[in-house]
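Please read the following walk through the charged side-chain pairs with the structure open beside the text.

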Amino acid sequence: MPLSISLTINGDRHDTLLEDARATLLDVLRERVGLTGTKKGCDRGQCGACTILVDGRRINACLTLAASVDGAAITTIEGLARKGELHPVQAAFIENDGFRCGYCTPGQIMSAVGLIAEGDAGDDPERIREGMSGNICRCAAYPGITQAVLDAQRRLANDERISA
Amino acid sequence: MNRFDYIRPASLEEAIAAGSEPGASYLAGGTNLLDLMKVDVARPDKIVDITRVPGLDRIEMQNDGTIRIGAMVRNADLARHPAFAKACPAVAEALLSGASPQLRNAATVGGNLMQQTRCAYFYDPYSACNRRQKGAGCDARGGDTRNHAVLGWSDNCIAIHPSDFCVPLAALDTVVEIEGPEGARETPLTRFYSLPDDTTPGGVDLAPGEMITALRLPRDAASFASHARYLKLRERTSYAFAIVSAAVMLRMQEGVIAEARIALGGVAARPWRSVIAEERLRDGEPDVDLFASAAEAALQGAEPSGANAFKIELAKRLVIRAIERAAEGTPARMPALPASVFASDTGVSAHV
């Protein structure tokens, strides 16, 4: 039985008819909506490459049925930059060498955005490493990733001070 | 993954009617069920998505001290709930030591209780597994048994329950509230899981169509808040299941242990509460010999189910360490590495 779902993805509404309820949110984003920035790594919730935000919370898109998040607001890596300007977390990953091959990077960046929003880590590198432990980097760019998250956190705090 | 019908009921009554049909399975966070479906271990004909059923997502801190947690509360939300984390710090620590931040944002309280064992033979449809198919046999026996049970196992099944969350919950006398086609009922968490015996592989105490609606912690749960720890030994410091874990909670009165609660994880097909270990500590002054005696009691009857005798000694040592840490007092702030035995203030990263 086909299912009709509606998602707000990076601010735009997408109505999608699912022929098959088995479709994961990851597959819908990549194959139906054409947003291939979100990566499929393990497809089992172990690597974090598919991390996206659903209603502002970071989750694994591979372990989420698209039908189950009908009506939700989704943010993917494609939705972070504004008017051609990188999101502070994206900029921090570039400046701090937070990646090598880049395959895990969209998931790392989305996870970092989620971590900073959660507000538990502060500027403690150990808490940041623990908070990023759901994202695996097989190139082992971990020191750069930790630095990038610390740097991004400072940038976002500055942005808040400026806009406040 | 097999094909299935998907329905999203709007009320508990609708959900139970749909979930009572043969082949139906309830879906909450999906972090375990979808994973099992991807490897064809779970093959439901019908998915009953209970994420929109009203009334299941509340955390109620009641005036008399009782704490009621709806089955759809997400693990991360419970761990970060300030009043809950203050009342039950060992439960919050256990939650934050499990899985990854992304999984904790999706996974639910009820789903945590319902998660399946991570026994590799259960997860492999081509291996014999009594838990998956009654009477099929058990390929784990004589296989790779490093992470298998040392307590409460039988020849039918040597798998362990992998939950962190359930370990301190078992120690705190948590009650499971259940709704089903025959109405509402409740059962203590420690009796929610049956152990394997000569004829059955064990499992959860739920009839077809029944679902967990809430967990209830009794009014004295917060009386252990100042001396409560959960410690977990694992192959790596983050994002790994326990080899063994221990929840210890003490109610201290003038330097004496007035009451103790002790439960172990990673050792049996259910969170393993040890009342005899608790009794050893009662009215005692903190002392390492006393702690060792409680640890011996906690592992009473333990036997290796394969190449895992090391877990028995490891669990005893962890119980001693967890009692020591609990006696020192609950940390003022959640440790950077929840449930880790590695101090994070040594300047040396435990993330190696």
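In this predicted model, B:R317 is an exposed residue, its relative accessible area being 55%. Its salt-bridge partner is B:E313, and the N-to-O distance between the two side chains is 2.9 Å. B:E313 itself is partly exposed, at 38% relative accessibility, because a residue counts as exposed only over 50% and as buried only under 20%. Both residues belong to helix α13 of chain B, which covers residues 310–328, and they stand four residues apart, or about one turn of the helix.

Elsewhere in chain B, salt bridges with shared partners connect B:D173, B:D220, B:R251, B:E259, B:R261, B:R273 and B:E278 into one network.

In chain A, A:R22 and A:D20 form a salt bridge in which the closest N and O atoms lie 2.6 Å apart. Here A:R22 is partly exposed, with a relative accessible area of 25%, whereas A:D20, at 16% relative accessibility, counts as buried.

A further pair, A:D43 and B:K38, joins the two chains, because A:D43 sits in the loop between α1 (25–32) and β3 (51–54) of chain A while B:K38 sits in helix α2 (residues 33–38) of chain B. Their side chains meet in a salt bridge with an N-to-O distance of 3.0 Å, and both A:D43 and B:K38 are buried.

These pairs belong to a wider set, for a search of the whole structure, taken over all chains, finds 38 salt bridges.

Conventions. Residues numbered from 1 in each chain as written. Chains lettered and ligands numbered in written order. Predicted model: local features only at pLDDT ≥ 70, side-chain atom pairs only at ≥ 80, totals over all residues. Heavy atoms only, no water. Salt bridge = Lys/Arg side-chain N within 4 Å of Asp/Glu carboxyl O. Buried < 20%, exposed > 50% of the residue type's maximum accessible area, 1.4 Å probe, protein only.
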